Amino acid sequence: MAPPRWIQNIDAFRTVPKDLSEASASGAMMTFVAVVTCAVLFICETKAFLTSSATTDVVLDSNQDSQLQINFDVTMLDMSCEHVTVGVWDAFGTERMNITKNIMKQRIDHKGADKGHAYSDDELIELEYAGQKIEEAEKAELDADWSSSSDQFKHDSFESVVDAHDYTFVNFYADWCPHCRMFGPTWDSFEAKLNAEGDSVVDADGVKANVRALKINCVDFEETCQSQKVSAFPTVRLYRRGGSGKHWSDFHGNRQIDDLFNFAREEVRKRHIHTGATFHDIFAESCRIKGSVEVARVPGTLHFQAMHNREKTLNLAFTNVSHTVHSFTFGPELPWFAAPVAREYARQQDPLKGKTFTVPKFHMAPHHYIKVVHTMFRAAGIRTYQQTHQWSARTVARHTVPQAKFSYDLAPVEVQVGQASRRWYDYVTSLFAIIGGAFTFMSMFSGIVGLASAQFKGSINKLG
């Protein structure tokens with residue numbers, strides 16, 4: 001039974017009889033292009049549908065844990081395991097030193113022939129003051145006599161005066177002292193001659209030394225003279241730099257210019273001042289220290305430094321805390337079965353991995369600044385921490401023990417990472433749009449080409 005006529009009238013997909021349609025080579029080409037286009041877009045759309053992308057939201061930190069775990073794996077490049085120690089300080093004022101729980105130390109040999117050796121006193125002084133630059137105004141301050149507290153100079157650091165020269169010849173005197181007044185002209189002549197470098201003084205290697213002479217009025221600068229334990233006037237001493245004003249040789253000879261020069265030559269010739277010393281390893285091994293510590297979940301600093309032991313006392317101020325970081329993370333590590341989207345963030349979890357941090361000279365130490373951001377992966381139910389990192393080689397005070405510091409601060413926000421996936425009906429709609437759009441466009445384009453071809457042929461026939 002045929003369907004009613006009115007049903008056929010609502011047919012939206014009416015066909016043209018085959019006798020009324022015409023096939024063409026251009027139409028076949030357009031059909032081929034449309035099929036290839038649909039196939040390529042279908043593949044791309046299906047891949048996009050099956051691939052989920054990460055989405056991030058920033059909210060206030062929801063982690064209420066009171067403790068934070070810090071995991072580290074660090075090699076101290078020039079420090080033996082028997083001397084390296086771990087400490088931590090936090091914003092609550094809690095400080096723990098020489099932490100040993102959950103920490104493992106592994107001895108690592110240096111590569112190469114040099115097995116490490118201690119610096120000599122001459123090497124320490126030469127390296128510490130190598131390349132020292134003094135401005136003209138500061139040089140005038142350091143070279144000036146301490147004759148009066150009311151002159152144009154400050155005279156506030158005797159140690160800086162001594163450290164400004166290889167050797168400093170000092171005459172401690174008092175205005176009321178008759179022996180000082182008798183010795184005064186001789187000293188002034190000696191001081192002028194020595195400071196003018198008219199008669200050079202050399203060290204044990206024949207290298208010219210920087211020797212400076214000056215005088216200090218112990219009436220005006222009583223505290224300085226007391227700190228130097230000057231008990232008689234005049235007192236003449238030859239100070240050697242690098243000893244905090246505590247390394248000197250007293251002059252007990254005749255107070256004559258030649259005797260003063262001979263004393264200076266003899267004392268300076270005992271030492272090797274400028275030998276071209278270079279920085280080298282102190283210890284015969286390195287130390288790889290690995291472990292974890294539990295700290296309060298507040299800003300703080302984890303540090304590595306050297307310490308004495310029962311067998312050996314170190315000059316801690318000259319220890320080298322250069323190091324290589326194999327790993328430095330916060331919180332539990334990602335499990336092996338973690339979602340791929342979580343693995344994409346692994347490099348932000350450990351940005352220091354495989355990096356080496358060294359310092360070029362004494363009294364410097366690497367200081368790391370780490371901003372820690374709590375991160376929640378919603379789909380996998382995993383909590384971890386991401387980091388941003390900056391560092392600098394900081395100068396420390398001369399008598400301070402250098403520390404390799406890792407200062408951390410927790411951000412008050414939390415990053416929530418989720419997965420964005422497309423719904424199935426979006427995918428189906430896109431497929432229909434691709435197929436319909438491709439064939440509609442090609443049909444319109446084919447019609448335009450056919451019309452243009454017919455018009456062109458008609459023009460040719462008219463011309464013929």
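Biologist: How many disulfides does the structure hold?

Modeller: This is a predicted model, and a cysteine pair counts as a disulfide when its sulfur atoms lie within 2.5 Å. C81 and C287 meet that cut-off with an S to S distance of 2.2 Å, and C218 and C225 meet it at 2.0 Å. The number of disulfides in the structure is two.

Biologist: Nice. Which pattern do the disulfides follow, with bonded cysteines counted along the chain?

Modeller: One link joins C81 to C287, and the other is formed by C218 and C225. Going by residue number, C218 and C225 fall between the partners C81 and C287. Counted along the chain, the bonded cysteines give the pattern 1-4, 2-3.

Biologist: How many residues apart in sequence are the parts that C81 and C287 tie together?

Modeller: Let's place both ends. C81 sits in the loop between strand 2 (67-76) and strand 3 (84-90), while C287 belongs to strand 10 (residues 285-296). The disulfide therefore ties together parts whose separation in sequence is 206 residues.

Biologist: And is the link of C218 and C225 right-handed or left-handed?

Modeller: Good one to check against the other bridge. The link of C81 and C287 has 105° about the S-S bond and is right-handed. For C218 and C225 the angle about the S-S bond is -85°, which makes this link left-handed.

Biologist: Are C218 and C225 buried or exposed?

Modeller: A residue is buried when its relative accessible area is under 20%. C218 has 8%, and C225 has 4%. Both values fall under the cut-off, so C218 and C225 are buried.

Biologist: What about C38 and C180, buried or exposed?

Modeller: The same limit of under 20% applies here. C38 has a relative accessible area of 11%, and C180 comes out at 7%. C38 and C180 are therefore both buried.

Biologist: Moving on to F328, why does this residue count as buried?

Modeller: F328 lies in strand 12 (residues 323-330). Leaving aside residues up to four places away in sequence, F328 touches a set of residues including I70, F72, L302, I370 and F406. It counts as buried because its relative accessible area is 0%.

Biologist: Which residues make the nonpolar surface patch of about 390 Å²?

Modeller: Happy to finish on the surface! One member, M29, is found in helix 2 (residues 25-50). To join such a patch, a residue needs over 30% relative accessible area. The patch is made by M29, F32, V36 and V40.

Note on methods:
Residues are numbered from 1 along each chain as its sequence is written. This is a predicted model: local features need pLDDT of at least 70, side-chain atom pairs count only at pLDDT 80 or more; totals for chains, interfaces and linings use all residues. Side-chain values use heavy atoms; hydrogens and water are left out. Patches are made of residues with over 30% relative accessible area and no salt bridge: like charges are joined within 9 Å, nonpolar side chains (Val, Leu, Ile, Met, Phe, Trp, Tyr) within 5 Å. Accessible areas come from the Shrake-Rupley method with a 1.4 Å probe; for residues, only the protein chains shown count as cover. A salt bridge is a side-chain nitrogen of Lys or Arg within 4 Å of a carboxyl oxygen of Asp or Glu. Helices (H or I, at least four residues) and strands (E, at least two) are DSSP runs, numbered from the N terminus. Buried means under 20% relative accessible area, exposed over 50%, partly exposed in between (1.4 Å probe, protein chains only). Contact means heavy atoms within 4.5 Å.
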